[in-house]
Structure formats: structure tokens, C-alpha cells
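Student: I should like a close look at a single part of this model, namely its aromatic side chains and the way they are arranged. Please then set that part in the context of the remaining chain.

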Amino acid sequence: MFGIDPVATLSHILAQIQATIMPVFTPPPPQLREVGVASFSSGIGAMKAFIASMRPSGLLREIIDFDSPHIVGMPAELTVTPGAVSSCYTQRSRPNPPPGYRYMAPGSFARLTSFTDPHACIGWMMYYTAMLTSSIG
């Protein structure tokens, strides 16, 4: 979906949202200044494809990964691209983690929720924290 002209595609989507929200008042079309991207678990593959298509635009400012290192075969590392701040919330520890790599011990959520799967908890409980600490204004 974003392979041919991702900036134009995102701009069109934003314009349609704007037109739906403000059907009477027609402001100028939105201009993309910065883009953040996030994925949960196995969505890392689609996120990496999106990052690759957006990289030439220079608009990527933030990458948030919710527990892709839990997926078998995925490395316990940040997904990075030039110009973007990267973070990863994961239950997979690693020695000497880089800044932005946030280890969530599997028992961290045990008293807070009826969910017993730490993977699911990271996906739905850490989203708010990630938005509060976002580097995009």
C-alpha cells in the first residue's frame, strides 16, 4: 500500500480524515512534517517494509516496537533508521541493552490484569506509556 509513493498516500489519507471530521469547513490540506510508526509482535515485518518505503522521505521520527523480540527468529534489538528515535518494549532481556530497549519482566503485569500472557499485556498496556514518552509533538 505504501510502496509507490508513501508520502502522497499518507497525505491523501490525512486529507480524507480531515474532510470527514470537518465537512463544512475546508482547511488547507495537511502537510506531513514527521511520521511515527509502531507495531506489535509479528507486525514487525510490515513495519520494516513501511520504514524502508518511507526512509527516502526523511520524515520518519519515531519507531516503537511492542515485543517483536518475543517472536522466534527475531533478534532482541531496536529497529532503527536514520533520523528516528527507536524504542522497544519487550519481555526478552539482553545484556547491555541500548537506550530505548525497555525490558518488561514477564511477571511485571501479573497483579495488574487478568491476562496471564505477558506478550499480550505488552501490546495493549504499554501503548499509552509509549504515547506519553513519544518524541513526536
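Tutor: Helices and strands are here DSSP runs, of at least four residues in H or I for a helix and at least two in E for a strand, numbered from the N terminus. The model is a predicted one. In these terms the protein chain has three helices and four strands, and their order along the sequence is α-β-α-β-β-β-α. Its C-alpha trace spans about 50 × 30 × 25 Å along the principal axes. The chain has 137 residues, of which 36% count as buried.

The aromatic rings come next. Two rings are taken as a pair if their centres lie within 6.5 Å, and planes under 30 degrees apart count as stacked, over 60 as edge-to-face and the rest as tilted. On this basis there are two aromatic pairs. One of them joins F66 to Y89, with 5.6 Å from centre to centre and 15° between the planes; the pair is classed as stacked because that angle is under 30 degrees. The two partners come from distant parts of the chain: F66 belongs to strand β2 (residues 60–66) and Y89 to strand β3 (residues 85–90), 23 residues apart. F66 has a relative accessibility of 3% and is therefore buried. Y89, at 2%, is likewise counted as buried.

F66 also pairs with Y127, at 6.3 Å centre to centre and with 40° between the planes. This pair is called tilted, because 40° is neither under 30 nor over 60 degrees. Again distant parts of the chain are linked, since F66 in strand β2 and Y127 in helix α3 (residues 118–132) are 61 residues apart. Y127 has a relative accessible area of 47%, so it is described as partly exposed. Taken together, F66, Y89 and Y127 make up one aromatic cluster. The cluster thus draws on strand β2 and strand β3 as well as helix α3.

Where else does the helix α3 appear? A130 is found in helix α3, and its relative accessible area of 1% makes it buried. The C-alpha atoms of A130 and G58 are separated by 22 Å, the two residues being 72 apart along the chain. M104, in the loop between β4 and α3, is buried at 16% relative accessible area. From M104 to I122 the C-alpha to C-alpha distance is 7.9 Å, with their positions 18 residues apart in sequence.

The loop between β3 and β4 (101–103) adds several details. Q91 is placed in this loop and counts as buried, with a relative accessibility of 14%. Its side chain has a polar contact of 2.9 Å with the side chain of D67, and another of 3.2 Å with that of H70. N96 lies in the loop between β3 and β4 as well, but with 69% relative accessibility N96 is exposed. The phi angle of N96 is positive, about 50°, although the residue is not a glycine. A positive value is worth noting because most residues other than glycine have a negative phi. S41 also has a positive phi, near 60°. S41 sits in the loop between β1 and α2 (44–54), and its relative accessible area of 8% makes it buried. One further aromatic ring deserves mention: the charged end of R94 sits over the ring of Y101, 5.6 Å from the ring centre.

Finally, an aromatic residue occurs in a surface patch. F25 lies in the loop between α1 (6–21) and β1 (35–40), and at 56% relative accessible area F25 is exposed. It belongs to a nonpolar patch on the surface together with I13, L14, I17, I21 and M22. The combined accessible area of this patch is about 540 Å². Among the phenylalanines discussed, F66 is therefore buried, whereas F25 is exposed.

Technical notes: Residues are numbered from 1 along each chain as its sequence is written. This is a predicted model: local features need pLDDT of at least 70, side-chain atom pairs count only at pLDDT 80 or more; totals for chains, interfaces and linings use all residues. Side-chain values use heavy atoms; hydrogens and water are left out. Rings of Phe, Tyr and Trp (its six-membered ring) pair if their centres lie within 6.5 Å; planes under 30 degrees apart count as stacked, over 60 as edge-to-face and the rest as tilted. Buried means under 20% relative accessible area, exposed over 50%, partly exposed in between (1.4 Å probe, protein chains only). A charge sits over a ring if NZ of Lys or CZ of Arg is within 6 Å of the ring centre and within 35 degrees of the ring normal. Patches are made of residues with over 30% relative accessible area and no salt bridge: like charges are joined within 9 Å, nonpolar side chains (Val, Leu, Ile, Met, Phe, Trp, Tyr) within 5 Å. Accessible areas come from the Shrake-Rupley method with a 1.4 Å probe; for residues, only the protein chains shown count as cover. A salt bridge is a side-chain nitrogen of Lys or Arg within 4 Å of a carboxyl oxygen of Asp or Glu. A polar contact is a pair of N or O atoms within 3.5 Å; within protein, one must be able to donate a hydrogen and the other to accept it, and residues adjacent in sequence count only if both atoms are side-chain atoms.
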